[in-house]
Amino acid sequence: MLVRSFKNRVLTHPLSLQQKRTAMRKNKYQIWVSLNENLFLHYNSFSDKYILMNKDNHELYENSTPDILEKMNMELFHKLVNADYFVQDDFRETDIIIYKRLSLKTDTTLYHVVINTTLDCNLKCWYCYEHKFKDSILKDKIILSIKKNIELHYKTNPYTTLKVSFFGGEPFMNSTAIEDILSFSKSFCKKNNIRLIADFTTNSILITKKNISFLKGYDCYFQITLDGNREQHNKVKHIKGLDTYQLALNKIYALVKEIPKCRIWVRINYDAITLSHIDEILKDLEVLDRDKVFLIVRKIWQVSSDKIDTLLLLNSIQKIFDRGFVVDCYPLTTNRLCFAERLNQVLFNYDGKIFKCSTIPKFDKQHSMGELDIPTGNVIWDQNKISQITKVMYSMKCQDCGLFGSCYGACNKTLLQYPDQDFCILKEIGMDMREYLMYNFKLSLQSHHTVGVDSTSYSE
């Protein structure tokens, strides 16, 4: 036992004799920013790890080779090796990143079924990109075919988790279809020991007490939008005589209270003025359980980034942090992937047309990705189209960026549609590199993911 333990330590220790004999170099996917004259934040996007260094250690790291740094500061050297800042000379980090992304795309443990129960909606939000179709509804024959597809896909590609996402339009305009599909899915998953996730993108206004009572027995995810404070939200989500802001808050409170397994992402869509009222929004969310409720901050896509006050955005994010909420503002992560680029995902439109992405100009034949064989539930993909969506694509500029390991960049659909445009997340959100890394570092501190702090104090 003692010999085995010692042997395992030698084989796995980052400074093993075998590794010492191999030349080392810096991982190409890392970047640093100065926080002040004596404190520097280093980030490795390959390993998604942060290290704070004081000035002396920062200069030592930047200006010396691995073998020299090892002799001068063994503790720092250990941290750098363990976090993949130093790698073996023949290490292929670019190939590994691409392989990991391919693995995510081709993973079959999760089957993700997205369903447009309708393309109709009870609201007319000015920024909505979808074409509204009155009286569009998921017909019984399509519901039956979707059920058959869930069974058929499990037989041909067994999965351990089934995620059923309801989209639209406003999905709760057709709550009967939701309950029908989820009742079937619950029975099917219980029989086959499959985890079931029920997922909803909704304005929440039409969710009833009956809906909530039905969903108590499900593992539920919700994304519910607030378009600003009460005054602004009610202008965007306008229904004469109704306080739609309070209605949304009431539904959020009820869902958190009544559904035991419930997670809600409150999405704050902002324009040039929304975030100036962030305190009012946070006050109304203050009582909510931080283990169940998370905030997403997203710029309305029609609003140019140069119209956004970056300082206001950063201050808003900090206020969300200060109140203990996790905030998603395009975070860096090695596991993030657009759901539409997963091979094991399909979107069923209300009329039976097949798609992948939910953000397309129209759910029509031109943009469809295949056909649903209604009698059998089999999806017949357009091989020419599907081959483009599921492969790993990126720009050469992205590959040369220090953030390549954890920044997803533009999706395949965007890269195919606009091959000559320069897409960068920093440009999209209007932050510079220092601001963006600071946001992500604070997020990592909140999640306890940091690997080392080379200073006795940290402040920003």
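**Exercise 1.** State how many cavities of 30 Å³ or more the count gives, and describe the largest cavity.

*Solution.* The count comes to five cavities of 30 Å³ or more. The model is predicted: local features need pLDDT of at least 70, side-chain atom pairs count only at pLDDT 80 or more, and totals for chains, interfaces and linings use all residues. Residues are numbered from 1 along each chain as its sequence is written, and side-chain values use heavy atoms, without hydrogens and water.

On a 1 Å grid over the protein atoms alone, a cavity is a set of points where a 1.4 Å probe fits but cannot get out; a pocket is an open set with protein on both sides within 12 Å along at least five of seven lines, and lining residues have an atom within 4 Å of a point.

The largest cavity has a volume of about 60 Å³. Its lining includes Arg101, Leu104, Thr333 and Tyr408.

**Exercise 2.** Describe the second largest pocket.

*Solution.* This pocket holds about 370 Å³ of space. Of its 23 lining residues, Ser395, Lys397, Cys398, Phe423 and Cys424 lie nearest the centre.

**Exercise 3.** Determine how helix 13 and helix 18 are oriented to each other.

*Solution.* Helices are DSSP runs (H or I, at least four residues), numbered from the N terminus. Helix 13 (residues 310–322) packs against helix 18 (residues 433–446) at an angle of about 5 degrees, with the axes 11 Å apart. Axes are lines fitted to C-alpha atoms over the stretch in contact, and angles run from 0 to 180 degrees between N-to-C directions. Angles under 35 degrees count as roughly parallel, so helix 13 and helix 18 are roughly parallel to each other.

Terms used. Grid points are joined across faces, edges and corners, and a volume is the space filled by probe spheres set on the points. Helices (H or I, at least four residues) and strands (E, at least two) are DSSP runs, numbered from the N terminus. Angles under 35 degrees count as roughly parallel, over 145 as roughly antiparallel, 65 to 115 as roughly perpendicular and the rest as oblique.
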